[in-house]
Amino acid sequence: MRKCLAVAVLAVVSAASGQYVEATILLPDSLGGMACPDALAYSTAEDVMYVGGSGCVIAIDCATGERIARIPAGPDINTMCYNSEDNKVYVANRGSSRVTVIDCATNQVIAQVRVGTGPAFFCYNPTSNTVFCSSPESDSIAVIDGVTDSVVAMLEVNEPNRLCHNSIGNKVYCAYGSGLAIIDGTTNSIIGTIRAARSTSRMCHNIADDKLYCSTGLWHNWVWVVDGETDSLLGAVIVGQYSFGMCYNEMMNKVYCTNVWSDDVSVIDGATDSVVATIHVGDMPTQLVTIPGTPNVCCANGRSHDVALLDGIGDTLITRLSVGDEPSALCCREGEPEVYCASRFDAVVSVIDARSNSVTGQVVVGDAPVAVCYNPDDRKAYVASSVERGTVTVIDGRTNRVLARPSTGRQARALCYNPTSGQVYCASAGSDSVFVIDGASDSVTARIEVGPGPRDICCSSSQNKVYCANELDSSVSVIDCATNAVIATVELPYPPWDICHNPVENMLYCVSTRSDTAVVIDCASDSLVAMFDVEGGTPYALACDPVVNKVYCANVGTNELTVIDGSSNQVLALIPVWLYPAAVGCLPERGRVYTANVRECNVSVIDAAGDSLVATISDVEYPGAMYCSPVSDLVYVANYGVETEPVVRCSSVTVIDALTNSVIVVLPTGLMPIALAGNPDESRVYAANLRGSSVTVIRDSLTVGTGEMRLKAKVGRMNQTICRGVLMYQPTANSSELTAALLDITGRKVMDLQPGESDIRHLAPGVYFVREEGSRGQGLNRLTAPARTQSEGQSVRKVVIQR
């Protein structure tokens, strides 16, 4: 018999300090990975559009529409401006006290200028070739020389805000509190102030009549008018609710103002200072820009995710064009009637042609990853993007290197891996299809048309089938993975929201947020076999525990967890948890179930045997996803965060020790982690960051091993050892009636075990259970909770196969 070394941890081990962020993988590639693009600047010399977002600036060649550079330009980028004299772009790093300067000829950072704390807004003065930068946190305005990139003046202004240049008088105006500071552009000194009864927000200068127009922002519905020659207040123009964005149309001598709460744009005649038209444009209009070479104006509507094109002659709406999620910045290409629109939450830049009044292209500057899964056979992770031109990023599970990015249709929603066929399935809501990716070649091998609006997807590996829930026609498409064809469609009474598979009974469970009814589909016959009330309000998330053969349904309407018996499909219990349980997970070996409660910012711990709440864990922030690791007995909770200006806070992953019900660490991630998946081979967990355009890789440094295979156990007697593809099994008792089997994580038997050596080289890496059964056993078709094993004559122990 060959000698083997058993590698195990027999005592309860705390994982504290063992978890750390190993890597951040930017998506889609080396020229992307931006989160929340919020600023645009255009280089006339290079015909290049610069996009500023989280931590970098992406340069786009306007002639080809291609990304040509990714420039590390400091943290918290939200505004930029262009120096036309020296061909430079200035970037405000609001989370610091610096301004980053980019040379547009080389796309390199050439300087970092120290200014006030929290630089927020820019204004370029072409007359004096200076850049003005306001810093509200330090009550200062820095004046930067355009040639030397050095600060030549520092002005004190109380909470300075937006800036605007008056080219006629070479003056710069700065909005603050309830007034304007007037700065001489030649001497760079404050020469006066204008007091107003209400706060000022954004400004534009009417060059034909030398007047300054100032919107008054939140709660107000008028625009201040200032005489540019005398710097005196001329009066106010009544506009819509919450006057915000401003622009001046020189060709028509008109001023445009967006009214955020009345969803319209006020058109002001520059000569008479009277409103000549009010144009309804869309939901929550914010930004405005005049289109070069035309009398027309473009308006970005933040909540309706589109832009409105306005006729400057007739003051009417020409059309509305869909762009990305929450358009946040507009900028024009000089000499061409083209507008570039950055969409904050889709991380795309749309190109709008005013000649054809259409969107002619989109440049992806970052992904919006929404789903992640792991392939243990090929040791790869897959991350699905929900952007318009959807892709799946394939990541090497050993090296964290991006291997491929196969195209998978628009607006991916879900992923699953089928170990029987070795394929990954991606549900694409925008294409009404499921795309099949070969696990070995990383290429799309099939596109399967399913019902409209596929939302969720899961696998029955024993049947070699994949089930796709179609939200828009209330159905489930059944895919035969041998042929990659739809072999059945199961009609549902309500639009499906979440589905899960119970491998013990080979049943599919489906719930809808529009009904309290759960639907059960037999995966052998692909027919609907049961419907019952989950007895909770607004079922939202499902999970199955094969050890106790129960299905759990989290109900966000009543803040309860419904416990369903997998054998009878009867509701066993309703367990009160905390507010808005939006995710549910299980640790079968530990007999624990978890719900992530969004609005209470905590996690509920439920005992699977007793169907009772046993603990509540804090230190989470708006949790949006959960992964329970059976290898390390850790629970990972993705803290989706809450959107605040100017950034999203609380984006992190909380790691919980299941043995002690305590938080061991909170790890920072990219913006808004929305999905989690585990890689047991390398003890990694992947967090897909929706707004971060990235994947955070979390590593557990306490996993140990030797040789080609490793074994890790937390508790119990060690009676099995793995070495070089061989499982050394020793029974716990000498009995001729004792039988044993090896089962996978779903509870499916993969092989019988005899005392001594068993060749397991054909098995995929992952978590398995060695199950012994005595004369009182009930068969090997289902697992039994460890707490009950002694009384029922059964023993269940975990082994982990890793290569």
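Buried means under 20% relative accessible area. The exercises below apply this cut-off and others to a predicted model.

**Exercise 1. Determine how many residues of strand 66 are buried, and what follows for its surroundings.**

Solution. Strand 66 spans residues 694–700, and seven of its seven residues are buried. The strand is therefore largely enclosed by the rest of the structure. Next, consider the two faces. On one side lie Ser-694, Thr-696, Ile-698 and Asp-700, on the other Val-695, Val-697 and Arg-699; every one of these is buried, which leaves both faces covered.

**Exercise 2. Identify the residues that stand opposite Val-697 in the strands paired with strand 66.**

Solution. Begin with strand 1 (residues 19–26), which is joined to strand 66 by seven bridges and runs antiparallel to it. Here Ala-23 is the bridge partner of Val-697. Continue with strand 65 (residues 684–689), whose antiparallel pairing with strand 66 comprises six bridges. In this pair, Tyr-686 stands opposite Val-697. Finally, inspect the connection: the hairpin of strands 65 and 66 has four residues between the strands, and Ser-693 adopts a positive phi near 50 degrees.

**Exercise 3. Decide whether Val-394 is buried or exposed, and list its contacts.**

Solution. Val-394 belongs to strand 36 (residues 392–396). Its relative accessibility is 0%, so Val-394 counts as buried. Leaving aside residues up to four places away in sequence, Val-394 touches Lys-380, Ala-381, Tyr-382, Arg-401, Val-402, Leu-403, Ala-404, Pro-406 and Asp-442.

**Exercise 4. Name the edge strands of the open sheet ordered 6-7-8-9.**

Solution. Four strands form this sheet, with antiparallel pairing. Strand 6 (77–83) and strand 9 (108–114) each pair on one side only, and are the edge strands.

Notes. Residues are numbered from 1 along each chain as its sequence is written. This is a predicted model: local features need pLDDT of at least 70, side-chain atom pairs count only at pLDDT 80 or more; totals for chains, interfaces and linings use all residues. Side-chain values use heavy atoms; hydrogens and water are left out. Helices (H or I, at least four residues) and strands (E, at least two) are DSSP runs, numbered from the N terminus. Buried means under 20% relative accessible area, exposed over 50%, partly exposed in between (1.4 Å probe, protein chains only). Contact means heavy atoms within 4.5 Å. Two strands pair if DSSP finds at least two bridges between them.
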